[in-house]
Amino acid sequence: GFGDEARWEVAREPLHLDTDAAQLRSASGSIAKAVAGVGPGVEFGSRISEAISSSNEWRLGRGKASGRKARVGLVPTAVGATNIDVWVPGGVLFANMMVQASAAQRRSPSSVLGGVLYYQGESDALDEGRAAAFSGKLQSFLAAVHSGLGEKVVVVVCAIHGGLDRLPFREQVRAALLASGPNWSREARAWSGGGGGGGTP
């Protein structure tokens, strides 16, 4: 993973230990009390690596030359228990995400940014007003991600987590997440039936 000191290191849980630190928690208005926990990032990276490594392009090209699996770099920027307001353009965590993505690409100029794992929505499902506004703000986030990081190569995966079942306005948030995909040709949705967890990219 791409650590807090702008260098690559072996990814391990908790992946977001640096990004979920007190400074960003305070700036983003996070309501979480616990430190960073286990999220979907490491497994996401592992599955992407497997998919690339099994492709004909890899096996006949770079993989054939090196005999290794494809290496995937993870750039964690999530902060748990934050609402979508800090992830839209102008929000502190959106700005941090863009800075970290740019820093990672400068560190590895030959790399290609291939995906953004979006895993957020619980905090917005606690409040009726935020839940009602969630869809429009999600579309603003998606548009800004494609505009800033590259519309052709970025895949946004919306993870709808089981923790939403405990929240009063979960259906509005869930509907927005499920409806997000058709607007973007390079976007996919993934269902997470497990426990909660906040965060985002």
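**Figure 1. Where helix α5 meets helix α6.** Phe 94, Met 97, Met 98 and Ala 101 of α5 are in contact with Phe 141, Ala 144, Val 145, Gly 148 and Leu 149 of α6. Sorted by class, the residues of this contact are eight nonpolar, one polar and no charged. Please keep in mind, here and in the other views, that this is a predicted model. Helix α5 covers residues 92–107 and helix α6 covers residues 128–149; their axes come within 11 Å and cross at roughly 25°. Angles under 35 degrees count as roughly parallel, so α5 is roughly parallel to α6. The crossing of these two helices, α5 and α6, is right-handed.

**Figure 2. Helix α6 beside helix α7.** Which angle do the axes of α6 and α7 make where they cross? They cross at roughly 15°, and the two axes come within 8 Å. That angle makes α6 roughly parallel to α7. Here α6 passes α7 in a right-handed crossing. On the α6 side, look for Ala 131, Ala 132, Phe 134, Ser 135 and Leu 138; on the α7 side, for Gln 172, Val 173, Ala 176 and Leu 177. The contact of α6 with α7 is made up of seven nonpolar, two polar and no charged residues.

**Figure 3. The largest nonpolar core.** This core holds 26 residues. Which residues have the most contacts inside it? They are Phe 134 and Phe 141. You have met both before: Phe 134 belongs to the contact of α6 with α7, and Phe 141 to the contact of α5 with α6. Two or more residues of the core come from each of α5, β1 (116–118), α6 and α7 (170–178). Helix α6 gives the most, with eight residues.

**Figure 4. Gln 100, a residue of helix α5.** Gln 100 is found in α5. Is Gln 100 buried or exposed? Its relative accessibility is 19%, and buried means under 20%, so Gln 100 counts as buried. Setting aside residues up to four places away in sequence, Gln 100 touches Phe 2, Val 75 and Thr 77.

**Figure 5. Two buried residues in the loop between α4 and α5.** The loop from α4 (62–66) to α5 is the place of Val 88, and Ala 78 lies there as well, between α4 and α5. Val 88 counts as buried because its relative accessibility is 14%. Ala 78, at 7% relative accessibility, also counts as buried. Apart from residues up to four places away in sequence, Val 88 touches Phe 94 and Lys 137. Phe 94 should look familiar, as one of the α5 residues that meet α6. From C-alpha to C-alpha, Val 88 and Leu 142 are 8.7 Å apart in space, with their positions 54 residues apart in sequence counted as separation. For Ala 78, the view includes Gln 120: the two are 42 residues apart along the chain, and their C-alpha atoms are separated by 9.1 Å.

**Figure 6. Gln 139 on helix α6.** Gln 139 lies in α6. Gln 139 is partly exposed, since its relative accessible area is 23%. Leu 177, one of the α7 residues in the contact with α6, is included in this view. Gln 139 and Leu 177 are 38 residues apart in sequence, and the distance from C-alpha to C-alpha is 9.7 Å.

**Figure 7. Pro 40 and its contacts.** Where does Pro 40 lie? Pro 40 is in the loop between α1 (22–28) and α2 (41–53). With 30% relative accessibility, Pro 40 counts as partly exposed. Neighbours within four places in sequence aside, Pro 40 is in contact with Leu 117 and Tyr 119. Pro 40 and Tyr 118 are 78 residues apart along the chain, and 9.8 Å separates their C-alpha atoms.

**Figure 8. The whole protein, for orientation.** The protein has seven helices and three strands. Following the sequence, their pattern is α-α-α-α-α-β-α-β-α-β. Of its 201 residues, 42% count as buried. Among contacts in the protein with a separation of 6 or more, 73% are between residues 24 or more positions apart.

Note on methods: Residues are numbered from 1 along each chain as its sequence is written. This is a predicted model: local features need pLDDT of at least 70, side-chain atom pairs count only at pLDDT 80 or more; totals for chains, interfaces and linings use all residues. Side-chain values use heavy atoms; hydrogens and water are left out. Axes are lines fitted to C-alpha atoms, for helices over the stretch in contact, and angles run from 0 to 180 degrees between N-to-C directions. Helices (H or I, at least four residues) and strands (E, at least two) are DSSP runs, numbered from the N terminus. Angles under 35 degrees count as roughly parallel, over 145 as roughly antiparallel, 65 to 115 as roughly perpendicular and the rest as oblique. A crossing is left-handed if the near helix is turned anticlockwise from the far one by less than a right angle, and right-handed if clockwise. Contact means heavy atoms within 4.5 Å. Ala, Val, Leu, Ile, Met, Phe, Trp, Tyr, Cys and Pro count as nonpolar, Asp, Glu, Lys and Arg as charged, and the others, Gly among them, as polar. A nonpolar core is a set of buried Ala, Val, Leu, Ile, Met, Phe, Trp, Tyr and Cys residues joined through side-chain atoms within 4.5 Å. Buried means under 20% relative accessible area, exposed over 50%, partly exposed in between (1.4 Å probe, protein chains only).
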